[in-house]
Amino acid sequence: MVRGMTRTRLRTSLFAVLIALVVCVGLIPGAVAAQAQVQDAQTGGTVVVEEGETVDNLEAFAGTVVVDGTVTGDVDAVAGSIRINGDVSGNVEATGGSVTIAGTVDGDVEAATGSLEVAEGATIGGSLSGGAGSVAIDGTIEGDATIGADTIRLGEDAAIAGDLRYGGDLEGNTDAVAGTIQQDSSLGPSGDFAPSIPFGSWLVAGYTLVLNLVLGAVLLGLFPQFSDGVADRVGRTPLRSGLAGLGVLIGVPILLVALAITIVGIPLSIVGAFAFAFVVWIGVVYGWFAVAARALSAAGVESRWLALVVGVVAGALVARIPWIGGLLSLLVLLLGLGAFAYGLYSHRKAVGGGRQEPQRGVAEGPAAD
């Protein structure tokens with residue numbers, strides 16, 4: 001009994017140390033970003049700068065990126081869908097399935113995308129460089145425009161103060177161009193034109209992938225039975241796990257906000273927010289691990305380590321799918337978060353009830369491993 005308690009404490013302590021190392025390593029990109037004056041490097045299913053919110057430079061690798069607020073610096077985004085509804089004081093570099101400029105960009109815009117739109121009422125203070133399948137311009141470009149696309153449409157409200165150099169089929173209101181119009185056959189989706197892809201976003205995405213693999217390795221190495229239980233619960237009761245994850249994802253922030261209302265609770269709510277963010281991170285890793293484990297099991301392959309690698313890599317790739325990538329990532333997060341939360345609850349209940357042996361197929365707590 002004493003030996004079992006000692007082993008449990010040792011394992012718990014080792015877990016805490018390794019998690020601290022993972023978190024510290026995860027903070028390294030933040031320090032590098034701060035030196036480069038990049039304040040927000042974000043990944044995930046959806047990255048949103050809310051209306052009324054102001055951030056400095058924004059780097060994002062996600063399924064969907066939306067800027068409704070204000071970015072005082074540059075925006076570098078790789079996503080399935082990128083939409084600028086607010087104000088960007090610097091430049092915008094965007095790579096994705098669709099890019100829409102519906103707000104104000106004071107600097108230049110460079111886009112490599114399937115469809116590019118400068119909406120009515122939008123303003124680009126600098127130049128526009130774009131390679132796309134289709135381009136629609138109904139707003140104002142105060143500089144030059146260099147566009148390669150299959151089709152380029154200039155709307156009645158479009159205005160290009162500088163020159164237009166294009167490759168592809170030009171349609172619509174050519175009177176919108178105040179400067180010269182020059183056709184260049186080298187520009188186009190298959191031509192020489194290649195807008196710059198934000199290197200920082202790819203770096204963030206790659207580093208996030210490595211961190212997810214490290215965190216998953218820690219979880220599987222220290223708590224194999226618990227991790228198998230999480231995967232088993234996702235496979236057996238996906239609906240219940242997803243609903244539990246939704247409850248956690250909505251309920252915990254509400255509790256933290258309620259706690260922050262009191263002066264005494266403010267420090268606790270701040271600590272709780274960091275803890276909750278870490279739990280969500282674990283939910284993401286467990287979610288993709290569980291989905292991959294289920295898929296591999298159906299194919300007759302039983303390997304938790306292979307499931308971890310396949311799941312995490314698949315998650316990074318799915319996030320890049322236009323439109324549905326963000327939704328799929330959210331669903332997987334809910335599955336992993338719900339199964340993880342239920343496993344912790346089951347372990348706490350078992351410990352409180354004095355049960356010594358975990359039930360087969362149920363996700364017990366970390367200490368039960």
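**Helix H6 and the salt bridges**

Author: Let's start with helix H6 in this predicted model: Ala-307, Leu-308, Gly-311, Val-312, Gly-315 and Val-318 are buried there.

Reader: What puts those buried residues on the same side of H6?

Author: Look at the arc they cover around the axis: only 135°, and that places them on the same side of H6. There's a general pattern behind this: an α-helix has 3.6 residues a turn, so residues three or four places apart point the same way.

Reader: How do you know that the span of H6 agrees with what a helix should give?

Author: H6 covers residues 304–318, which is 15 residues, and at 1.5 Å a residue they should span 21 Å. The C-alpha atoms at its ends are 20 Å apart, so the two values agree.

Reader: Now the salt bridges. How many turn up in the whole structure?

Author: A search finds four. One of them joins the side chains of Arg-304 and Asp-228.

Reader: Why is the contact between Arg-304 and Asp-228 called a salt bridge?

Author: The cut-off is 4 Å between a side-chain nitrogen of Lys or Arg and a carboxyl oxygen of Asp or Glu. Here N to O is 2.3 Å, which is within 4 Å, so the name fits. Arg-304 sits in helix H6 and Asp-228 in helix H3 (residues 224–236), so this pair ties together parts that are 76 residues apart in sequence.

Reader: And what makes Arg-304 and Asp-228 partly exposed?

Author: Partly exposed runs between 20% and 50% relative accessible area. Arg-304 has 30%, so it falls in that range, and Asp-228, with 32%, does too.

Reader: What about Arg-153 and Asp-138: why is theirs a salt bridge?

Author: It's the 4 Å test again: their N to O value is 2.9 Å, so the pair passes. Arg-153 lies in strand E13 (residues 145–154), while Asp-138 is in the loop between strands E11 and E12, so the pair ties together parts 15 residues apart in sequence.

Reader: Is Asp-138 buried or exposed, and how do you know?

Author: Buried means under 20%, and Asp-138 has a relative accessible area of 15%, so it counts as buried. Its partner Arg-153, at 35%, counts as partly exposed.

Reader: Which residue does Asp-184 meet in a salt bridge?

Author: Arg-165, with N to O at 2.6 Å. Asp-184 is in the loop between strand E16 and helix H2, and Arg-165 is in strand E15, so the pair ties together parts 19 residues apart in sequence. At 17%, Asp-184 counts as buried, whereas Arg-165, at 30%, counts as partly exposed.

Key
Residues numbered from 1 in each chain as written. Predicted model: local features only at pLDDT ≥ 70, side-chain atom pairs only at ≥ 80, totals over all residues. Heavy atoms only, no water. Helix = DSSP H or I, 4+ residues; strand = E, 2+ residues; numbered from the N terminus. Expected span 1.5 Å × (residues − 1). Buried < 20%, exposed > 50% of the residue type's maximum accessible area, 1.4 Å probe, protein only. Arc of directions from axis to C-beta.
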